Each structure stands twice: as structure tokens, then as C-alpha cells.
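Open the model in your viewer and keep the sequence panel in sight. This tour goes stop by stop, with something to select at each one.

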Amino acid sequence: MLDRVGSWSFGQGLINEYSRIQSRTLVAQQQIATGKVGDQFADVKDKAGVLASAKLKSGAIDTYLSTTKEVLNKLDVQDLHLQQLSDVAARLRAALGDAISTGRAPALMEEVKNLYNETVSILNTRVDGKYIYGGSRTDQPPVNTPDLASLVAAPTVYDAFDNTPVKQTQRIDENEVIETGMLASDIGAGLMQMFKDIGTFDSSVSGPFGFQLTQAQTTFLNTTQAAMPAVQTDVNAYAAINGTRHAQVTAARDRHESLSAYFTKFIGDIEDVDLSEAVARLNSDQVAAQAAGRMIAQLNQFSLLDFLR
């Protein structure tokens, strides 16, 4: 058997180079497909430690960013409810004023009952199946008097509330914890007391309110109406507190969004591949692989017979 022209080491070296070219081609194809330098920290070599630290920090920031957005949604809901409670107080005051000015109140108690039901509905609001004004107790309604009659029957207005005194808090930054929850007994007690007073008077010997107001009824309504601005002011004060918290959380969200964008770019600069450069490398390696393949094929075909002839 005649030996082929060339040494074994030359052929083996050619084969090894072909394998290396194929490996580089696979890497380039993967980079182009994913847009990343690689899927392991080792692929970025000396920047692996910096990349790991940046990803850890970025993950924490993204978690806080998600939390601040959830808190803002909750504060928006509370702001809406506080505006509605303030509106209920204004409408109750207007209803009392109408009765006083006309000296007649045939529909006053119907309006009072409707406003009371609206108030209970607000205070017993659920979000994702949880009562948001119940403090740490979110599995049952914070207001246990579903109608005006049951509120009148309660020994005190505070017996109508089942919320706990614990207000919900949320960490919105590494060193920033904010109180986000409000209690039904805080934001609704003043308004509920007005309802209880009116219902109690209507069911007393001086009631009920009817087509013609008595002097006692007129005096009571004047006193009650005079107290309504303070009730509405208390509700608006809670709305102001909620607004302050909203501004604080909004600032935290904006801060997290800026940091998230920064770390996204920082991480991308390390692990994102230069697509134009990767495509150029792929094309170059494909050409080299074709050339190496042809050389290997030609080398395997040569023998001494080709030269002896």
C-alpha cells in the first residue's frame, strides 16, 4: 500500500483547524440568533464579576419598581374612595339643608339610607378578594352594619367596625418603608356617626321626620348640618395624607425607572453582541471552513501514484 503525499501531522492540523472554524461558526450563529455574547458568565470573561453584581442590583430595582406600581394603584383607588366619601358628606349636608329650608322632610330618611348604603359599600371595598380597609384583617368586611337600622342598634359607632388597628405598610426602596393602608374606622367614623345620630333621632319620640318639621326636628337638623363641614374636612384631610403618600411613591417609582434603564443599558453593553461584527465573523469563518474542507478533500485524494505517472 502506497503512502499518501504529506505528513499525518499536516493532515491532522488541517482537521483541527476545520473543527475550530466550525466551533466559531456555531458560536457566531448562536450570538446572532440571541443577540447575546453568550449564556454563561464565562462568556464575558473578565467582566463576569461586574455583570453578576449588576444583574443582582437590577433585579432588586425591578422588584421595587413593580412594588411601587402596585402601591400607586392602591393609592389611586383610595383617593377615589375618599373623594366619594367627601361627596357623600356634601350630599348629606345638602339634604339636611333642603329639609331645613322647606320645613318639610318626607324623603329625607330615604336619602339618608341611600347615602349610608353607599358609604358602607365604599368602606367594604374588596380588591383581588381582599378588604382593603380592614387593616390586617382582609378576609371579612370592616363594617358589620349593612343597613342604617343595624347601625342605630349598635351601642356606639365604633361597634360597627371590625377592622384591626394595624395599618398596612410596604417597602418601596431598600431604606424606605411607607404606610399605605387606611382603616375604615378612621376614614368613616365621623360620617357614620352622623348617620347614627340622624337614624337614632328619627326613631326616637321626636321622630320620625315627615311632611312638616317640628321645632325639635328643625333644631336637630340645624345642629347636625352645622357639624357636617367638620366631617367633610376630616375626610379631605385623609385624602391629603393619601396624596402625600402618592407623591412619595411616585418619586420612588421614577427613581427606580431611571435606575432600571441605566442597568439595562449597562448590562446590555457587556452581554449584548455587536451584530454587524458577528455577521462579518460568521461570513469569514464560513468561507474559511469551505476552503479548509476542500483542502482536506484534496489531501485525501493525493498519493504517490499521481506523481509517479
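What does the accessible surface of the chain come to, and what percentage belongs to carbon and sulfur atoms? About 17,200 Å², of which 55% belongs to carbon and sulfur atoms. Accessible areas come from the Shrake-Rupley method with a 1.4 Å probe, and for residues only the protein chains shown count as cover.

Some ground rules come before the next selection. This is a predicted model, in which local features need pLDDT of at least 70 and side-chain atom pairs count only at pLDDT 80 or more, while totals for chains, interfaces and linings use all residues. Residues are numbered from 1 along each chain as its sequence is written, and side-chain values use heavy atoms, with hydrogens and water left out.

**Stop 1: the whole chain**

Show the cartoon. The chain has nine helices and four strands. These are DSSP runs numbered from the N terminus: helices are H or I with at least four residues, strands are E with at least two. Follow the sequence and the pattern reads α-α-α-β-β-α-β-β-α-α-α-α-α.

Now colour by burial. Of the 309 residues in the chain, 38% are buried. Buried means under 20% relative accessible area, exposed means over 50%, and partly exposed lies in between (1.4 Å probe, protein chains only). Contacts are next; a contact means heavy atoms within 4.5 Å. Among contacts in the chain with a separation of 6 or more, 75% join residues 24 or more positions apart.

**Stop 2: the core**

Select Leu92, Leu108, Leu191, Phe195 and Phe209. They have the most contacts inside the largest nonpolar core, which has 43 residues. A nonpolar core is a set of buried Ala, Val, Leu, Ile, Met, Phe, Trp, Tyr and Cys residues joined through side-chain atoms within 4.5 Å. Elements giving two or more residues to this core include helix H2 (48–102), helix H3 (108–123) and helix H7 (215–271). Helices H4 (148–153), H5 (184–187) and H6 (189–202) do so too.

Zoom in on leucine 92. Which residues is leucine 92 in contact with, leaving aside its neighbours within four places in sequence? They are Val112, Leu115, Leu191, Met194, Phe195, Ile198 and Met228. Another core, of seven residues, lies apart from the largest one. Select Val71, Leu72, Leu75 and Ile172, which are among its members.

Keep leucine 75 selected and add glycine 243, in helix H7. Their C-alpha atoms are separated by 8.0 Å, though the two are 168 residues apart along the chain. Glycine 243 is partly exposed, because its relative accessible area is 35%.

**Stop 3: the hairpin**

Select strands E3 (169–173) and E4 (176–179). E3 and E4 form a hairpin with two residues between them. They pair in the antiparallel sense over four bridges; pairing requires at least two DSSP bridges between two strands. Find glutamine 170: it stands opposite isoleucine 178 in E4.

**Stop 4: salt bridges**

The structure holds eight salt bridges. Each is a side-chain nitrogen of Lys or Arg within 4 Å of a carboxyl oxygen of Asp or Glu. Start in the loop between E3 and E4, with glutamate 174. Glutamate 174 forms a salt bridge with lysine 57, with the closest N and O atoms 4.0 Å apart. Lysine 57 is in helix H2, 117 residues away along the chain.

Next, show arginine 255 and aspartate 173. Their side chains meet in a salt bridge at 3.0 Å, N to O. This pair links helix H7 to strand E3, across 82 residues. Is each partner buried or partly exposed? Arginine 255 is partly exposed, at 35%, whereas aspartate 173 counts as buried, at 18%.

Then select Asp87, Arg91 and Glu118, which are linked in a network of salt bridges.

**Stop 5: aromatic rings**

Finish with the rings. The whole structure has seven aromatic pairs. Rings of Phe, Tyr and Trp (its six-membered ring) pair if their centres lie within 6.5 Å; planes under 30 degrees apart count as stacked, over 60 as edge-to-face and the rest as tilted. Select tyrosine 262 and phenylalanine 266, a stacked pair at 6.1 Å centre to centre with 25° between the planes. Both lie in helix H7, four residues apart, about one turn of the helix. Last, select Phe201, Phe209 and Phe220, a cluster linked by ring pairs.
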